[in-house]
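The following exercises concern one protein chain and its fold. Each task is followed by a worked solution.

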Amino acid sequence: MPRIWPVEDRSVERADEGPAALLRAMAAIAYRHRGKLLIWTLLCVAAAAIYARSREPVYTATASVLLEPRRQAATSAREVAAPATLDLSRADSEIQVIRSERLLATVFDSLGLASHPELQPRPPSLLRQLISSVTGKPSETKDGAQPAARSTAGTGAAPRIEPRQMAFANFASRITTRRVGQSYVIEISYVSSDPELPARVANAAASAYLLQSVGAKADAAASGAEFLQGRLDALSAQVKAATDAVREGSLPNLPTPDADARIIGAALAPLGPSGPGSTLIVIFGAVLGLMTGFFALAVAGLFDRRIRTGEALQRETGLLCLASVPDAAHWSGRARRAAPEMERLAVTGEDRGFGAAISDLRTAIEIAAPADAEGGHRIIAFCSAKPGAGNTLLTMNLAHLINQSGRHVTVINGESIWYPQDLNGLPGTASIVDALAARSTPPEKIVFFDLDGIAVLPIHSANAQRNRVADLCSPAVAQILAYAASKGDVLLDLPSFSGSAEGLALAKHADAVILTVAAGRNSVEEIDALARSLARVDANVIGAVVNRAGR
């Protein structure tokens, strides 16, 4: 029947690409490397704070000038002044007038700044000296000027820059002029490490602008044939007031109505430094640290082929991840405990996460390699690409867990293991290699020593010569393993495949083979090579376990 009421489909398709996936990947990288990222960010913040404290404080003062309509001066007493006009593009033109070298030179010379220590050339920095030594070009000073170059063959000597010219260039770089929005207000600012100099320079620049405008009108009025003496005196007074103001670094003491501009804000001595912005520098250092840290981690991730999670294992190698076992030695004091305590960790309940992971591993093995209907026992092999993957720890904890369920377990150990007594004190057939050396020893005569209810038989002998000549491909090995399997489950703790091929010789006798991947240590290529090696001997690889996950 058709639906009467429409039902909203709430299913959402999850995409593995897009901004959300990128953010999740970045969050995962940041969490995995949180220690390194935090340390790097703190170092950048500390460097930024040190840089901010090392910078010399600077002060800024600003003078504001309002442009007014131009008035054409009357040339006689009977003549009426023309109406005021103001060009909309005049403000931008007047900014260029203030920035002109002529006006700035007037301020520079009037205040006598040619010998000011702040404007003198400084020696080039260490970085510029290094760049100069590499490129072979003369290094520039901190103020951007080049020192006198040495004459070389085929080239003439570079012109030497005079100290006054260099000081004026530094002075011009410190003064800024800008228009406030779309208004006719122009702000003139000067930056200096001297707290008293910025106000003098800004006011002098504003007065010089007025002087230039009034002086031009005075010159034009003086050349008029019918100019009234009173008009000339007024303009002369305004010129004198502006000239004195430029020389003193202040504002004119008389009104200057003929300047077509008036000062609406005098530059005041700054109450505090305007830079460097220590807070902004520290914030920039933190942001830079995070960005460079993420970039470094992303670049390292492109070349890092190590497997750390079960998802990465399945995605990169195609192997089924049976379990992800946390690092049992990560907790405080755990690494200093004896081997027997570590090998019983799954059944003591001290680390619930580790015990739950071993239990999940046993369940995954039961699903992937179930026993037959007659209750037959299985031979499960654990192998690794390199030593130190934790095969023994996984094998012994799994053996204790199976033994606690009432099933007999035999561990065939190929790595170093804790024994209740010295191997030299055991009979001559205390290992598979010893049994192969004896030749006539039947499997039931081999000594399996008991370890808390678990039968343990090493692969190697205490005699190094026997280990070198032993043939683990012998049919006698299959008989020994079959005898052990007749009593219960057998767990093969195989030697690592990086040192020898003994693991391959024993893996072909296993009903199921599990690859042990050390998180953060084994690469994708190593696991692929191990899987291909096992495939050549027709080993039944049912999956892999990621050991020491979370590193």
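**Exercise 1. Overall composition**

What percentage of the 551 residues of the protein chain count as buried? State also the secondary structure content and the share of contacts between residues 24 or more positions apart.

*Solution.* The model is predicted.
Step 1. Of the 551 residues, 40% count as buried.
Step 2. The secondary structure comprises 19 helices and 12 strands.
Step 3. Among contacts with a separation of 6 or more, residues 24 or more positions apart account for 75%.

**Exercise 2. The open sheet**

Determine the strand order of the open sheet, and explain why one side of strand 5 and of strand 8 is left without a neighbour.

*Solution.*
Step 1. The sheet is formed by 8 strands in the order 5-12-11-6-10-7-9-8, and their pairing is mixed.
Step 2. Strand 5 (321-326) and strand 8 (449-451) stand at the edges; each has a single partner strand, so one side of each lacks a neighbour in the sheet.
Step 3. On average, neighbouring strands of this sheet are turned by 25° against each other, direction ignored.
Step 4. At the strand 5 edge, strand 12 (residues 541-549) runs parallel to strand 5, and 5 bridges join the two. Within this region, Pro-326 stands opposite Ala-549 of strand 12.
Step 5. Helix 10 (residues 310-317) lies across strand 5, strand 11 (512-518) and strand 12, and runs at about 145° to strand 5.

**Exercise 3. Two helix pairs**

Classify the orientation of helix 13 to helix 14 and of helix 3 to helix 4, and describe the residues in each contact.

*Solution.*
Step 1. The axes of helix 13 (residues 352-368) and helix 14 (residues 391-404) cross at roughly 75° and come within 10 Å. Angles of 65 to 115 degrees count as roughly perpendicular, so helix 13 is roughly perpendicular to helix 14.
Step 2. From helix 13, Phe-354, Ile-358, Ser-359, Arg-362 and Ile-365 meet Leu-393, Leu-394, Asn-397, Leu-398, Leu-401 and Ile-402 of helix 14. The residues of this contact divide into 8 nonpolar, 2 polar and 1 charged.
Step 3. For helix 3 (residues 90-99) and helix 4 (residues 101-110), the axes come within 5 Å and cross at roughly 45°. Helix 3 and helix 4 are therefore oblique to each other.
Step 4. In this contact Val-97, Ile-98 and Arg-99 of helix 3 meet Glu-101, Leu-103 and Leu-104 of helix 4. The division here is 4 nonpolar, no polar and 2 charged.

**Exercise 4. Cysteines and backbone angles**

How many disulfides does the structure hold? Are Cys-44 and Cys-383 buried or exposed? Locate Asp-452 and Arg-548, and give the phi value of each.

*Solution.*
Step 1. A disulfide is a covalent bond between the sulfur atoms of two cysteines. The structure holds 0 disulfides.
Step 2. Buried means under 20% relative accessible area. Cys-44, with a relative accessible area of 12%, is buried; Cys-383, with 0%, is buried.
Step 3. Asp-452 lies in the loop between strand 8 and strand 9 (454-458). Its phi is near 55°, a positive value in a residue other than glycine. With a relative accessibility of 48%, Asp-452 counts as partly exposed.
Step 4. Arg-548 lies in strand 12. The phi of Arg-548 is near 60°, a positive value in a residue other than glycine.

Conventions:
Residues numbered from 1 in each chain as written. Predicted model: local features only at pLDDT ≥ 70, side-chain atom pairs only at ≥ 80, totals over all residues. Heavy atoms only, no water. Pairing = 2+ DSSP bridges. Helix = DSSP H or I, 4+ residues; strand = E, 2+ residues; numbered from the N terminus. Axes fitted to C-alpha atoms, helices over the stretch in contact; angles between N-to-C directions. Contact = heavy atoms within 4.5 Å. Parallel < 35°, antiparallel > 145°, perpendicular 65-115°, else oblique. Nonpolar A, V, L, I, M, F, W, Y, C, P; charged D, E, K, R; others polar. Disulfide = S-S within 2.5 Å. Buried < 20%, exposed > 50% of the residue type's maximum accessible area, 1.4 Å probe, protein only.
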